[in-house]
Amino acid sequence: MSEQSVERTAVERGAEGASTRRRGVIGWVDPRGRRLGGWAFILNRLTGLGILLYLSFHLVVLSLLARGPSAWDGFVSVAMSPVFLFFDVVLIFGLLAHGLNGIRVTLVGFGLVVDRQKAMFAALMVLGAIALIIAAIRIFEVG
Amino acid sequence: MPAPEQPAGDRIGTTWTPSHEDTKPTWGWILQAVTGALVLVLVTLHMIANHFVVARGLRDFQDVVAYLSNPVIVVLEVAFLVVVTWHGLLGLRAVLFDFGFSPRIESWITRVLSVLGVAIVAYGLWLTWVITSYH
């Protein structure tokens with residue numbers, strides 16, 4: 001077995017990780033034998049659920065628009081508080097991690113860049129980290 | 001469209017890869033990839049349109065009304081709503097299917113999430129209508 005195929009197997013197994021991995025939800029948080037692909041899988045699941053939580057909140061908040069200018073503008077002033085801005089940065093982290101990792105998952109799923117997916121994951125996450133820093137500075141600068 | 005026979009948890013979402021030589025990508029996986037790609041484009045446009053076109057981004061109620069008076073923006077936002085709802089609920093379905101429920105429960109999950117998706121889009125359309133008809 002070539003070195004490449006060993007790496008490929010470990011990364012591609014992703015969710016399953018080692019053959020001893022427990023299936024189902026408990027298997028997600030079981031760190032034993034987890035390789036990079038397994039961590040990427042957890043990251044994708046947790047950020048996905050986090051974004052769903054945000055989107056639920058987003059939809060509820062938008063209903064204030066139906067109650068007219070004073071209801072909406074009251075919320076906007078709350079949303080500009082430092083605590084909300086911090087959560088905006090957390091949201092951007094989730095969006096970048098999920099979106100960029102999703103590019104890798106999709107390409108690999110269609111059989112593209114399979115052999116270099118570890119490097120691709122690292123590159124995408126570095127790109128995400130840079131974008132997150134810029135976004136965080138902008139969010140706290142502009143408010 | 002029924003999904004082909006596959007081990008639980010591999011039917012949909014992020015777990016299928018070409019290393020599973022005995023399996024094929026399912027309709028759920030392909031839909032998730034396609035809607036994911038669309039979300040990537042639409043969320044980028046959504047963020048740019050909301051935060052960078054107007055100086056300092058959309059803020060007060062009048063900003064939002066003015067924003068949605070542009071029909072191109074309405075199309076963009078409704079498309080984003082539909083695609084992101086689809087992607088999010090399909091992802092939630094994949095997560096729920098990881099619990100290993102019976103096929104009967106799984107088909108109920110699919111039904112409930114489908115109804116929820118339609119309700120979310122209907123809510124979004126109603127809200128868009130309310131805002132665009134505000135005087």
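What follows is a short chat about how to read this predicted model.

Biologist: Before I look at any shapes, how confident is the predictor in chain A and chain B? What is the mean pLDDT of each?

Modeller: Start with confidence, then move to the fold. Chain B has a mean pLDDT of 85, and 82% of its residues reach 70 or more. Watch its beginning, though: over residues 1-22 of chain B the pLDDT is below 50, and that stretch has 53 contacts in the model beyond near neighbours in sequence. For chain A the mean is 83, with 76% of residues at 70 or more.

Biologist: Where in chain A does the pLDDT stay under 50?

Modeller: Over residues 1-20 of chain A, for which the model has 36 contacts beyond four places in sequence. You can also go element by element: helix 1 (residues 3-13) of chain A has the lowest mean pLDDT in that chain, 40, while helix 5 (residues 82-109) of chain A has the highest, 95.

Biologist: And the complex as a whole?

Modeller: The predictor gives the complex an ipTM of 0.82 and a pTM of 0.80.

Biologist: On to the fold, then. How many helices and strands are there in chain B?

Modeller: Four helices and zero strands, so to speak an α-α-α-α pattern along the sequence. Of the contacts in chain B with a separation of 6 or more, 62% join residues 24 or more positions apart. Buried residues make up 24% of its 135 residues.

Biologist: How do I read a pair of helices? At what angle do the axes of helix 2 and helix 4 of chain B cross?

Modeller: Look at the distance and the angle together. The axes of helix 2 (residues 61-68) and helix 4 (residues 103-132) of chain B come within 9 Å and cross at roughly 105 degrees. Angles of 65 to 115 degrees count as roughly perpendicular, so that is what we call helix 2 and helix 4 of chain B.

Biologist: Which residues meet there?

Modeller: B:V64, B:V65 and B:L68 from helix 2 of chain B meet B:T128, B:I131 and B:T132 from helix 4 of chain B. That contact divides into four nonpolar residues, two polar and no charged.

Biologist: Back in chain A, why does the length of helix 6 agree with what it should span?

Modeller: Compare the expected span with the model. At 1.5 Å a residue, the 26 residues of helix 6 (residues 117-142) of chain A should span 38 Å, and its end C-alpha atoms are 36 Å apart, which agrees.

Biologist: Which residues of helix 6 of chain A are buried, and what follows that helix?

Modeller: The buried ones are A:Q117, A:F121 and A:L124. After helix 6 of chain A comes A:G143, with a positive phi near 80 degrees.

Key: Residues numbered from 1 in each chain as written. Chains lettered and ligands numbered in written order. Predicted model: local features only at pLDDT ≥ 70, side-chain atom pairs only at ≥ 80, totals over all residues. pLDDT = per-residue confidence, 0-100. Contact = placed C-beta atoms within 7 Å. Helix = DSSP H or I, 4+ residues; strand = E, 2+ residues; numbered from the N terminus. Buried ≥ 20, exposed ≤ 12 C-beta atoms within 10 Å, placed from the backbone. Axes fitted to C-alpha atoms, helices over the stretch in contact; angles between N-to-C directions. Parallel < 35°, antiparallel > 145°, perpendicular 65-115°, else oblique. Nonpolar A, V, L, I, M, F, W, Y, C, P; charged D, E, K, R; others polar. Expected span 1.5 Å × (residues − 1).
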